[in-house]
Amino acid sequence: VFPDAPDWEKEDGRNILRFKKGDNLLIFAPVFTRSAFDIEMEIRFDDVTEQRFLGGRESVISAVIKDGIIRSKLKGRSGTAAVSADRKIVPNRWYRMRLVYDLEKYSILLDGEVVASAPLTGRLGDGWYISIGGEPLAERKLSKDAEKAFKARKPDAGFAFSGALRYLKVK
């Protein structure tokens, strides 16, 4: 069973994609096929306590926010880069976020500034889509409440994206 798609809404004269917990947007692109990439988005979080907002096939990439801090992992054939932003995100504020892999390092940028970076070289694992929202990652350690909700197949278990996108570019 696939989660619901996000809804289009108007906000301040602009179109946005509004995500409720359980909504999912799959983007099929040759992004994670062993090469460099740049995912750029304007994103707003409704809640910054704990939620997953981006993932990829076989967990090649994952990005979560927990207690206001963005954390992300990227798996390469030479290892895994795990990064955590050096500043807190506040709810209901728009951010321009970029997740960038340049074949030498993996970085998170917020509003044009590098807030986290870790070395990673070489080709990535095989992956052919990214997912915004949706199901939790297989290796994700869930809190007891989130684990119970996941087992009960509830879409608000704390691991799905609740917020909005108004710009998304994947290259």
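Where is the place of Arg87? In this predicted model, Arg87 sits in the loop between strand 8 (79–84) and strand 9. That loop leads into the part of the fold described below, so to speak of Arg87 is also to speak of strand 9 as its neighbour in the chain order, with the loop placed between strand 8 and strand 9.Arg87 comes out as partly exposed, because its relative accessible area of 29% lies between the 20% and 50% cut-offs. Leaving aside residues up to four places away in sequence, Arg87 touches Gly68, Ile69, Leu110, Glu113 and Val115. With one of these, Glu113, there is a side-chain to side-chain polar contact at 3.0 Å. Ile70 is 17 residues from Arg87 in sequence, yet the two C-alpha atoms are 8.4 Å apart in space.

Next comes the sheet. It is an open one, built from 7 strands in the order 1-2-13-4-9-10-11, with antiparallel pairing. Its edges are strand 1 (7–11) and strand 11 (113–119), each of which pairs on one side only. On average, neighbouring strands of this sheet are turned by 30° against each other, direction ignored. As for what holds such an arrangement together, strands of a sheet pair through backbone hydrogen bonds, either parallel or antiparallel.

At the strand 1 end of the order, strand 1 pairs with strand 2 (residues 14–19) over 5 bridges, in the antiparallel sense. Glu9 has Ile16 in strand 2 as its bridge partner.

Strand 9 lies between strand 4 and strand 10 in the sheet order. On one hand, strand 9 and strand 4 (residues 37–45) are joined by 8 bridges, again antiparallel, and here Ile39 stands opposite Leu99 of strand 9. On the other, strand 9 pairs with strand 10 (residues 105–110) over 5 antiparallel bridges, with Val100 facing Ser107 of strand 10. The hairpin of strand 9 and strand 10 has 3 residues between the strands, and within this hairpin Leu103 adopts a positive phi near 75°.

How many of the 8 residues of strand 9 (residues 94–101) are buried? The count is 6, so strand 9 is largely enclosed by the rest of the structure.

Notes: Residues are numbered from 1 along each chain as its sequence is written. This is a predicted model: local features need pLDDT of at least 70, side-chain atom pairs count only at pLDDT 80 or more; totals for chains, interfaces and linings use all residues. Side-chain values use heavy atoms; hydrogens and water are left out. Buried means under 20% relative accessible area, exposed over 50%, partly exposed in between (1.4 Å probe, protein chains only). Helices (H or I, at least four residues) and strands (E, at least two) are DSSP runs, numbered from the N terminus. Two strands pair if DSSP finds at least two bridges between them. Contact means heavy atoms within 4.5 Å. A polar contact is a pair of N or O atoms within 3.5 Å; within protein, one must be able to donate a hydrogen and the other to accept it, and residues adjacent in sequence count only if both atoms are side-chain atoms. Axes are lines fitted to C-alpha atoms, for helices over the stretch in contact, and angles run from 0 to 180 degrees between N-to-C directions.
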